[in-house]
Amino acid sequence: MPSWADDPSIGNRMINARAETVAGKPAFRSAFKHRRCLVPASGFFEWRAEGRTKTPHYFRREDDEPFAFAGLWERWSKGPAPVESVAIITTEPNDLVAPVHDRMPAILRPEDYAQRLDPEEQASDLHALLAPFPAGLMAAHPVGTLVGSPRVDRPECIEPVAS
């Protein structure tokens, strides 16, 4: 939720920020300059549309190591209590993600974490870090539709299913 927003519901539409425009969009510009963060993850899901059917896929690092998405955080203070929120920066898909979805989270290499978080780093120098993560370092497989329920958070959500 941008700090300047009058209505907190605007945050529902801003969970992702496009790498190509994040530095110039009013909703993300200040956070991109001053409130960058890392969002830890072990994987992410995208859905491939096939006619009326959508098949979820789980993407991870090939070595199963955790990683971090490039993120932005914001504090909204116009309500009864401050609300802190996060947006994930997305980029063009790599060759592994492209057959499933037209965007992917901007995954950072561990050696780039310090540069990403350095408050002295110029925003204009950070765009190179937002390139698609190399497809050869990732793996993916289809998973069951159980992952589509926000109430379900179990290991079965990432188990492979026959494609």
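**Exercise 1. Place Asp64 in the fold and work out its surroundings.**

Asp64 sits in the loop between S4 and S5. Keep in mind that this is a predicted model. Is Asp64 buried or exposed, and which side chain does the side chain of Asp64 touch through a polar contact?

*Solution.*

Step 1. Start with the accessibility. The relative accessible area of Asp64 is 52%. The cut-off for exposed is over 50%, so Asp64 counts as exposed.

Step 2. Now look for polar partners. The Asp64 side chain makes a polar contact with the side chain of Arg60, at 3.1 Å.

Step 3. Check what the loop comes up against from elsewhere in the chain. Met138 is 74 residues away from Asp64 along the sequence, yet their C-alpha atoms are separated by 8.8 Å. Met138 belongs to the stretch 138–142, which is strand S9.

**Exercise 2. Sort out the sheet that holds S4.**

In what order do the strands of this sheet come, and what is the sense of the pairing? Which strands stand at the edges?

*Solution.*

Step 1. Write down the order. The open sheet has 3 strands, arranged S3-S4-S9, with antiparallel pairing.

Step 2. Find the edges. Strand S3 (44–50) and strand S9 (138–142) each have a single partner strand, so one side of each has no neighbour in the sheet.

Step 3. Add the twist: from one strand to the next, the average is 30°.

Step 4. Look at one pairing in detail. S4 covers residues 53–61 and runs antiparallel to S9, with 5 bridges joining the two. To find this register on screen, go to Phe59, whose bridge partner in S9 is Ala140.

Step 5. If you want to follow side chains from here, a general rule helps: in a regular strand they alternate between the two faces of the sheet.

**Exercise 3. List the pairings of strand S6.**

S6 spans residues 83–91. How many bridges join S6 to S1, to S5 and to S7, and in which sense does each pair run?

*Solution.*

Step 1. Take S1, residues 16–18. S1 and S6 run parallel and are joined by 3 bridges. Asn16 stands opposite Ile88 of S6.

Step 2. Take S5, residues 67–76. Here the strands run antiparallel, and 6 bridges hold the pairing. Gly71 has Ile88 as its bridge partner in S6. Ile88 therefore turns up twice, facing Asn16 and Gly71.

Step 3. Take S7, residues 104–105. S6 and S7 pair in the antiparallel sense over 2 bridges, with Thr90 opposite Pro105 in S7.

**Exercise 4. Trace the contacts of Arg35.**

Arg35 lies in the loop between H1 and S2. Which residue forms a salt bridge with Arg35, and where in the chain does that partner lie?

*Solution.*

Step 1. Find the partner. Arg35 forms a salt bridge with Glu74, and their closest N and O atoms are 3.0 Å apart.

Step 2. Place both ends. Arg35 is in the loop between helix H1 (29–34) and strand S2 (36–41), while Glu74 is in strand S5; the two are 39 residues apart, and the pair links distant parts of the chain.

Step 3. Check burial. Arg35 has a relative accessible area of 16%, and the cut-off for buried is under 20%, so Arg35 is buried. Glu74 is buried as well.

Step 4. Complete the neighbourhood. The side chain of Arg35 also makes a polar contact with that of Ser30, at 3.1 Å. Beyond four places in sequence, Arg35 is in contact with Ser30, Gly71, Leu72, Trp73 and Glu74.

**Exercise 5. Look at two more salt bridges.**

How many salt bridges does the whole structure contain? Are Asp63 and Arg61 buried or partly exposed?

*Solution.*

Step 1. The search finds 7 salt bridges in total.

Step 2. Among them, Asp63 and Arg61 meet at 2.7 Å, N to O. Asp63 is partly exposed at 44% relative accessible area, whereas Arg61 is buried at 15%.

Step 3. Another one joins Arg154 to Glu156, with the closest N and O atoms 3.4 Å apart. Arg154 is partly exposed at 43%, and Glu156 is partly exposed at 36%.

Methods: Residues numbered from 1 in each chain as written. Predicted model: local features only at pLDDT ≥ 70, side-chain atom pairs only at ≥ 80, totals over all residues. Heavy atoms only, no water. Pairing = 2+ DSSP bridges. Helix = DSSP H or I, 4+ residues; strand = E, 2+ residues; numbered from the N terminus. Axes fitted to C-alpha atoms, helices over the stretch in contact; angles between N-to-C directions. Salt bridge = Lys/Arg side-chain N within 4 Å of Asp/Glu carboxyl O. Buried < 20%, exposed > 50% of the residue type's maximum accessible area, 1.4 Å probe, protein only. Polar contact = N/O pair within 3.5 Å; in protein donor to acceptor, adjacent residues only side chain to side chain. Contact = heavy atoms within 4.5 Å.
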